Structure formats: C-alpha cells, structure tokens
Amino acid sequence: IQAQSSKSGNAEQSSVLRLAKQCLDYSTRNFDSAKYYGVQAVNLADKIDFISGRIIARSYLGIAYTRSGDIPKSLPLQFEGLQIAKDNHFPKEEALSVYALGKSYFFLRDYTSANRFFREAHIGLRNFGDFNEIYSYRTALFDIELSLGRLHLIDGKLNSALLYLQLVEREDGGSFTNGVSKVFLGQGYFVGGKRQLDISYLKGIASERQQLKDNYTIAWACGILANCYSEMNQNDSSIYYAKIGLAAAQKINFKDRLLQINQLLADIYEKINLNESHNYLKKAVELNDELFSADKI
C-alpha cells in the first residue's frame with residue numbers, strides 16, 4: 001500500500017511540474033492557456049502539499065500574469081512563493097521566485113528593484129552548477145542574463161549590455177528564449193552605431209518568427225525595428241513595421257507591446273496626420289491606465 005501511495009504521489013508531483021512547464025511555455029504564446037495551466041498547477045501542488053511544486057507553480061503563474069499585464073495578481077503569488085521557499089529552506093526554488101519578481105518589477109519600469117532581484121537570482125541559480133537537463137531553470141538563467149543586458153541598454157552601458165546579450169546568444173542560440181535574445185542583441189548593435197547590421201538582423205528574425213507564427217517575438221522584433229526606423233526619420237518604414245508588430249501583439253493580447261507600439265505610432269503620425277495620431281494616442285492612454293493606474297498598482 002505504501003509503494004502504491006508513493007507512486008501515486010510521484011505521479012501527482014510530476015503532473016504539477018508538467019502543468020507548471022505548460023504554463024511557462026504558453027506565457028509567450030497564449031496568455032489564457034498559460035493562466036489555465038498555472039492555476040491548475042498551483043491548486044494541485046497545494047492539494048498534495050508538494051513544496052517545490054507550490055513555489056515553481058506560483059513563480060510561473062506569476063510570470064504569465066506579468067506578461068499578460070496583470071501585476072496585481074502576479075506580485076502576491078510571487079511573494080507567496082518566495083515566502084514558502086524561505087520557510088522551507090529551498091534555495092533553488094527561492095532563486096526562481098526572486099527571478100519571477102524581477103520580471104514583475106521590470107514590467108513596472110522599476111529598474112532598480114528589477115536589477116537587484118535579477119542579480120540575486122543570477123547568483124543563486126549559478127551556484128547550483130550543472131542543471132542543463134532542467135529546462136525551466138536553464139530558461140530562467142538565460143532570461144535573467146537577457147534581462148540584465150536589457151537593463152544595461154536602458155542605462156546606456158552598451159559594452160556591458162552586449163556582453164550579456166552575446167553570452168545568451170552564444171549559450172542559448174535562440175532556442176530557449178524563442179529568438180527574443182537575438183532581438184535585443186540587434187537593438188544593441190543599433191545603439192552601438194551598427195545600424196545596417198541591426199536592421200538586416202532584425203528583419204531576418206521577424207521573417208523567421210513569422211514562418212513559425214511566433215507572435216510574441218514578432219511583436220518585439222517589429223516594434224524595435226519600427227523604433228529604429230523612427231530614429232532614422234524613415235517614417236514609412238517605421239509605420240510599416242509598427243503595424244506588423246501591433247497586429248502580432250493584438251493576436252496574443254500582449255498589452256505591454258500594444259502600449260509601446262501605439263505610443264510610437266501616435267508620435268509618428270503627429271507629424272503627418274493628427275487624426276491618426278489622436279486615435280493611436282487614445283489607445284495608448286487607455287492601455288497605460290489599464291496597466292499602470294494608481295488603483296491597480
């Protein structure tokens with residue numbers, strides 16, 4: 001009877017981890033599906049009191065909520081997971097929780113807190129040595145390094161940014177980060193003055209991801225392409241790629257990208273068509289209120 005009970009417990013634990021992984025996988029493709037699997041993972045982990053699974057499921061469901069723009073749901077889950085990890089002395093899962101919190105604070109544009117969380121998580125995960133076979137932790141480590149590269153870009157520290165972004169691209173090859181690492185590496189090239197290299201690089205990524213119907217990465221690639229063309233005062237090209245990025249973001253309701261691209265289009269059209277500018281600005285204001293209103297945060 002004990003053997004049967006143990007097998008049943010192991011099967012349920014495996015189910016929790018499988019559901020959590022599905023939540024993470026869908027968090028860049030279909031937010032509704034991601035949240036569905038994440039809630040199932042949290043509920044099952046709580047039911048069987050699977051400590052590691054309770055933390056992992058909360059971390060990944062929190063990331064799904066963050067990517068869908070629902071910070072009021074993501075932060076409580078992530079802090080709860082972090083407390084469970086601390087109370088039970090699960091250092092690896094604690095590092096994962098800290099990483100998930102970094103994602104939320106990055107989304108909130110609180111770059112100081114995001115940087116602190118990412119660095120803490122990076123040290124924690126690196127300390128566990130060889131975990132190449134554990135998909136979720138390997139993905140987290142790449143995403144942390146990608147995020148640190150992006151933070152350095154925001155701070156204007158190009159050399160440090162490229163160091164992290166090239167590291168991710170070299171180790172990952174775009175497989176775990178779905179090509180998003182290449183997008184930000186291309187952005188780094190543009191900031192560094194290699195404009196034509198960046199443009200051709202980003203176009204290649206956008207074309208590749210369109211064939212794969214990867215709307216998450218298309219929204220990033222085309223949005224950044226549009227920004228690059230805007231900086232070069234090539235409005236037609238900027239509008240062209242902005243609208244492709246906007247359409248991709250709309251397909252998965254990627255609110256952060258919808259906000260940024262609508263704002264960009266409002267700025268571009270302000271010079272050439274005030275009615276169009278007003279329409280895009282109205283959408284941007286609505287999205288900004290939806291995501292960052294004082295009541296929600």
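In this predicted model, five aromatic residues, Phe31, Phe184, Tyr216, Trp220 and Phe254, come together as one cluster. Across the structure there are 14 aromatic pairs. A good one to look at is Tyr216 with Phe254: the ring centres sit 4.9 Å apart and the planes meet at 15 degrees, so this pair counts as stacked. The two partners come from distant parts of the chain, 38 residues apart. Tyr216 belongs to helix H11 (residues 215–231), while Phe254 is in the loop between helix H12 (235–252) and helix H13 (255–269). Both rings belong to residues tucked away from the surface. Tyr216 has a relative accessibility of 8%, which is under the 20% cut-off, so it is buried. Phe254, at 3%, is buried because it falls under that cut-off too.

Some of these aromatics turn up again around the largest pocket, which holds about 1100 Å³ of space. Its lining is made of 44 residues, and those nearest the centre are Arg150, Phe184, Tyr216, Trp220 and Arg257. Which helices supply at least two residues each to this lining? They are helix H1 (2–26), helix H3 (51–67), helix H5 (91–107), H6, helix H7 (135–154), helix H9 (180–191), H11 and H13. The top contributor is H7, which gives eight residues.

One of those helices, H6, is worth a slower look. H6 covers residues 111–126, so to speak a run of 16 residues, and reaches 22 Å from its first C-alpha to its last, close to the 22 Å expected at 1.5 Å a residue. Its buried residues are Ser113, Ala114, Phe117, Phe118, Ala121, His122, Gly124 and Leu125. Looking down the axis of H6, these buried residues fall within an arc of 165 degrees, so they line one face of the helix. An α-helix has 3.6 residues a turn, so residues three or four places apart point the same way. On the face of H6 turned away from the buried side, the exposed residues are Thr112 and Ile123.

Phe117 also has a charged partner: Arg116 lies over the face of its ring, at 4.8 Å from the ring centre. A second arrangement of this kind involves Arg29, which lies over the face of Tyr26, at 4.5 Å from the ring centre.

Next come two loop residues with an unusual backbone angle to check on screen. Arg109, in the loop between H5 and H6, has a positive phi of about 65 degrees although it is not a glycine. Is Arg109 buried, exposed or partly exposed? At 32% relative accessibility, Arg109 counts as partly exposed. Asn253 sits in the loop between H12 and H13, and this residue, also not a glycine, has a positive phi of about 55 degrees. Asn253 is partly exposed as well, with a relative accessibility of 39%. The loop between H12 and H13 is also where Phe254 is found.

Finally, helix H12 itself contains Ala249, which has 0% relative accessibility and so counts as buried. How far apart are the C-alpha atoms of Ala249 and Thr217? They are separated by 9.2 Å, although the two residues are 32 residues apart along the chain.

Key. Residues are numbered from 1 along each chain as its sequence is written. This is a predicted model: local features need pLDDT of at least 70, side-chain atom pairs count only at pLDDT 80 or more; totals for chains, interfaces and linings use all residues. Side-chain values use heavy atoms; hydrogens and water are left out. Rings of Phe, Tyr and Trp (its six-membered ring) pair if their centres lie within 6.5 Å; planes under 30 degrees apart count as stacked, over 60 as edge-to-face and the rest as tilted. Helices (H or I, at least four residues) and strands (E, at least two) are DSSP runs, numbered from the N terminus. Buried means under 20% relative accessible area, exposed over 50%, partly exposed in between (1.4 Å probe, protein chains only). A charge sits over a ring if NZ of Lys or CZ of Arg is within 6 Å of the ring centre and within 35 degrees of the ring normal. The expected span of a helix is 1.5 Å times one less than its number of residues. The arc is that of the directions from the helix axis to the C-beta atoms. On a 1 Å grid over the protein atoms alone, a cavity is a set of points where a 1.4 Å probe fits but cannot get out, and a pocket is an open set with protein on both sides within 12 Å along at least five of seven lines; lining residues have an atom within 4 Å of a point. Grid points are joined across faces, edges and corners, and a volume is the space filled by probe spheres set on the points.
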